[in-house]
Amino acid sequence: MSYASWFEEHAKKHTKIMKKLENRSDDEVIEYFTYENMVKNEPDFCPLYAKNKKCHDMDELNCYLCACSNFRFDDAGFKKIDGKSLKSYCSIGSKDGRQLKGKDAVHQDCSKCTVPHKKSFIKKGFKRDWLLIMKEVRKDL
Ligand code: SF4
C-alpha cells in the first residue's frame with residue numbers, strides 16, 4: 001500500500017469517528033482515543049487492535065495522532081540517497097527515529113519513537129480535523 005492510499009483511508013476513518021464525537025469536548029475526544037477505549041469501541045481503526053497489540057510499548061498510548069504530524073512522505077520520492085529513493089523522513093529529526101534502508105528506497109522508521117502517542121503532544125497541536133493537523137505531512141497536498 002502506498003503512503004498516500006493509507007493516508008486517505010485513515011483520514012476517512014478518523015473523520016467518521018469524529019462525527020460520532022461531535023458533542024464531546026476536546027479533552028473528552030482525546031480521552032476517547034486512548035488505546036484501551038479504541039480497542040473496545042473502534043475495532044476497525046487499527047489492524048493491531050484485533051491482535052490486542054500496541055504499536056509502541058507504553059502504558060498510556062493514545063491513538064489520536066496516528067500518524068505523526070512530524071512525518072513527511074512522498075510516494076514519488078523526495079530525492080535520491082546513494083541511489084535509493086527517499087520516500088519519508090522525520091521533520092524534527094527525532095533521536096528515536098531511524099532510517100530504514102531497503103533495496104530501492106529509504107523510509108522513516110518510527111517504531112522506537114513515542115512522540116505522537118503522548119497526550120501532551122496531541123494537546124499542543126490539537127485540531128478536530130485530522131487532515132488540518134497533517135497538512136504538512138503529505139508533499140502533494
Ligand atoms: S520519528 Fe517520532 S517524531 Fe519523527 S515522524 Fe516518527 S513518530 Fe514522529
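In what order do the four strands of the open sheet lie, and is the pairing mixed? The order is β2-β3-β6-β5, and the pairing is mixed. The structure is a predicted model, in which local features need pLDDT of at least 70, side-chain atom pairs count only at pLDDT 80 or more, and totals for chains, interfaces and linings use all residues. Residues are numbered from 1 along each chain as its sequence is written.

The chain contains five helices and six strands, where helices (H or I, at least four residues) and strands (E, at least two) are DSSP runs numbered from the N terminus. Read from the N terminus, the elements follow the pattern α-α-α-β-β-β-β-β-β-α-α. The radius of gyration of the chain is 15 Å, close to the 14 Å that the globule rule gives for 141 residues, so the chain is as compact as a globular protein of that length. The radius is taken over C-alpha atoms, and the globule rule is 2.2 Å times the number of residues to the power 0.38. The C-alpha trace spans about 50 × 30 × 25 Å along its principal axes. Of the 141 residues in the chain, 21% are buried. A residue counts as buried if 20 or more other C-beta atoms lie within 10 Å of its own, as exposed if 12 or fewer do, and as partly exposed in between, with C-beta atoms placed from the backbone. Two residues are in contact if their C-beta atoms, placed from the backbone, lie within 7 Å. Among contacts between residues at least 6 apart in sequence, 49% join residues at least 24 apart.

In the open sheet, β2 and β5 are the edge strands, each pairing on one side only. Two strands pair if DSSP finds at least two bridges between them. Strands of a sheet pair through backbone hydrogen bonds, either parallel or antiparallel. Strands β3 and β6 run parallel and are joined by two bridges, with leucine 86 having valine 106 in β6 as its bridge partner. Strands β5 and β6 (residues 105–109) run antiparallel and are joined by four bridges; the two form a hairpin with three residues between them. Across this hairpin, arginine 98 stands opposite aspartate 109, and leucine 100 has histidine 107 as its bridge partner. Side chains alternate along β6: Val106 and Gln108 point to one face and are buried, whereas Ala105, His107 and Asp109 point to the other and are not.

Leucine 100 belongs to strand β5 (residues 98–101) and is partly exposed, with 14 C-beta neighbours inside 10 Å. Apart from residues up to four places away in sequence, leucine 100 touches Val106, His107 and Asp109. Its C-alpha atom is 23 Å from that of histidine 10, a residue 90 positions away in sequence.

The largest nonpolar core comprises 13 residues, and those with the most contacts inside it are Cys63, Tyr64 and Phe71. Such a core is a set of buried Ala, Val, Leu, Ile, Met, Phe, Trp, Tyr and Cys residues joined through C-beta atoms within 7 Å. Elements α3 and β1 each give two or more residues to this core. Beyond its neighbours within four places in sequence, cysteine 63 is in contact with Phe33, Tyr35, Met38, Phe45 and Cys46.

Several loop residues have backbone features of note. Most residues other than glycine have a negative phi, and most peptide bonds are trans. The peptide bond from cysteine 66 to alanine 67 is cis, with omega near 10°; alanine 67 is found in the loop between α3 (35–41) and β1 (71–73). Asparagine 52, in the loop between α3 and β1, has a positive phi of about 55° and is exposed, with 7 other C-beta atoms within 10 Å. Aspartate 82 also has a positive phi, near 50°. This aspartate lies in the loop between β2 (80–81) and β3 (84–86) and is exposed, with 7 C-beta neighbours inside 10 Å.

Aspartate 74 is located in the loop between β1 and β2 and is partly exposed, with 17 C-beta neighbours inside 10 Å. Not counting residues up to four places away in sequence, aspartate 74 touches Lys87 and Lys139. The C-alpha atoms of aspartate 74 and leucine 86 are separated by 8.1 Å.
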